[in-house]
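Good morning, colleagues. I should like to introduce a structure that will be new to some of you. Please look at the sequence and the model together.

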Amino acid sequence: MEPEVCRHLFSTQPVAHLATIGATGPHLVPIVFAVSGNTIVSSVDHKPKRSSRLKRLANIEANSAVSVLADFYSDDWGRLWWVRADGTASIFESGRDHAAAVDLLVRRYEQYHDRPPHGPVISISVTRWSGWRSGEE
């Protein structure tokens, strides 16, 4: 699929999965996110976590290469697709980039309207969009 099609399909999903790599191997977690051009943003929010120091953040600090996967499943297998965004992640604790990312997330998710995320923001500069859609080779 063309990168523009991949980016569009990816942005239609409410949840994606962020893959990072750390000293103990790969780490995969679901995330909510927003897309702006070739940038994907996500934030540590108020949803319950085991710890405030998340493994995904430590992994990104050690190795900024990440992948994010979004997909669509249906019992009608003619509608299946997946899109992967590979890129380089940065973490913003505050500042203009943090505020812009939070604004994108608040506009996308009603759950953030009354309680915007205040934690670190992960900003991913996508270097490659790839994907597959049923019926395409």
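I shall begin with the basis of the model, then turn to its sheet, its helices and one residue.

This is a predicted model, in which local features need pLDDT of at least 70 and side-chain atom pairs count only at pLDDT 80 or more, while totals for chains, interfaces and linings use all residues. Residues are numbered from 1 along each chain as its sequence is written, and side-chain values use heavy atoms, leaving out hydrogens and water.

Helices (H or I, at least four residues) and strands (E, at least two) are DSSP runs, numbered from the N terminus. Two strands pair if DSSP finds at least two bridges between them.

Seven strands make up an open sheet with antiparallel pairing, ordered β2-β1-β5-β6-β7-β4-β3. At its edges are β2 (25-31) and β3 (34-36), each pairing on one side only.

Within the sheet, β5 (residues 65-72) and β6 (residues 81-92) run antiparallel and are joined by eight bridges. Phe72 stands opposite Trp81 in β6.

Now to the helices. Helix α1 (residues 3-11) lies across β1 (16-22), β3, β4 (39-43), β5, β6 and β7 (121-133). Helix α3 (residues 96-108) also packs on the sheet, where it touches β3, β4, β6 and β7.

Finally, is Ser130, in strand β7, buried or exposed? Ser130 is buried (under 20% relative accessible area, 1.4 Å probe, protein chains only), because its relative accessible area is 11%. Leaving aside neighbours within four places in sequence, Ser130 is in contact (heavy atoms within 4.5 Å) with Cys6, Trp82, Val83 and Arg84.

Conventions:
Axes are lines fitted to C-alpha atoms, for helices over the stretch in contact, and angles run from 0 to 180 degrees between N-to-C directions. Buried means under 20% relative accessible area, exposed over 50%, partly exposed in between (1.4 Å probe, protein chains only).
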